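Open the model in your viewer and keep the selection panel at hand. The tour goes from pocket to ligand and then on to another pocket.

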Amino acid sequence: MQHEMLKKMRNGLFLADNDVRRALAPREEGESQPAVLDIGSGSGLWMVGMAKMFPHAEIVGMDLAPANLSESPPPNCRFECDDVNLGLLHCRGGFDVVHVSCVAQGIANYRKMLDEITEVLRPGGVFLAVDGDVHL
Ligand SMILES: C[S@@+](CC[C@H](N)C(=O)[O-])C[C@H]1O[C@@H](n2cnc3c(N)ncnc32)[C@H](O)[C@@H]1O
């Protein structure tokens, strides 16, 4: 339900349409294809939507708990069980788009995560965030 609500608010899976499409444009043969990291991927529905929209790209979801999808995900979609608080530097330079949606409550140090995301993104990469500071 949250996924559908956000989709309506954004009129799709993401804003900054041109930037995302540029970052995820198919590459020449022999070059590594574009990749997307979804931190706190939850239901996995955003990942699956992205995997269908960009079938040439690799879509990786990271969450503490595995996604409980009712159908098998597209082949370009994979899931990693991981805690983002343990650090993201093993993903350095590995992604063209990083997406974070509604995970703030589980993040010990949001600023540290943002700093690490800048290292994870390849040059020209795009960071998509739907979140707020909930440390009241
Ligand atoms: C409110 S859900 C949002 C799910 C999805 N991003 C969305 O917008 O529909 C928050 C998700 O973040 C995950 N999460 C929270 N803290 C995390 C952490 N430290 N590392 C990885 N995932 C985390 C939770 O397990 C949960 O699936």
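A residue counts as lining a pocket if it has an atom within 4 Å of one of the pocket's grid points. Keep in mind that this is a predicted model.

**Stop 1: the second largest pocket.** Select I39, G40, M62, D63, L64, D82, D83, V84, N85, V103, G106 and I107. Together they line the second largest pocket. Its volume is about 180 Å³. Colour the lining by class: six residues are nonpolar, three are polar and three are charged.

**Stop 2: the ligand.** Now show the ligand. What space does the ligand take? The ligand occupies the second largest pocket. Select its surroundings next: 14 residues surround the ligand, and G40, D63, D83, V84 and S101 are the closest. By class, this shell has five nonpolar, six polar and three charged residues.

**Stop 3: the polar contacts.** Zoom in on three residues, one by one.

- G40: turn on the backbone. One of its polar backbone atoms lies 2.7 Å from a nitrogen atom of the ligand.
- D83: show the side chain. A polar atom there is 2.8 Å from a nitrogen atom of the ligand.
- D63: show the side chain again. An N or O atom in it sits 2.5 Å from an oxygen atom of the ligand.

How much of the ligand's accessible area does the protein cover? On its own, the ligand has 590 Å² of accessible area, and the protein covers 77% of that.

**Stop 4: the largest pocket.** Leave the ligand and select Q2, H3, S41, G42 and S43. Among the 16 residues that line the largest pocket, these lie nearest its centre. The volume here is about 270 Å³. Colour by class once more: the lining has six nonpolar, eight polar and two charged residues.

**Stop 5: the elements behind that lining.** Switch to cartoon. Highlight α1 (2-10), α3 (45-53) and β4 (95-101), the elements that each give two or more residues to the lining of the largest pocket. Which element gives the most? It is α1, with four residues. End the tour there, with α1 selected.

Technical notes
Residues numbered from 1 in each chain as written. Predicted model: local features only at pLDDT ≥ 70, side-chain atom pairs only at ≥ 80, totals over all residues. Heavy atoms only, no water. Near = heavy atom within 4 Å. Polar contact = N/O pair within 3.5 Å; in protein donor to acceptor, adjacent residues only side chain to side chain. Areas by Shrake-Rupley, 256 points an atom, 1.4 Å probe, with all protein chains shown as cover. 1 Å grid on protein atoms, 1.4 Å probe; cavity = no way out; pocket = protein on both sides within 12 Å on 5 of 7 lines; lining within 4 Å. Sits in = over half its atoms within 2 Å of the grid points. Nonpolar A, V, L, I, M, F, W, Y, C, P; charged D, E, K, R; others polar. Points joined across faces, edges and corners; volume = space filled by probe spheres on them.
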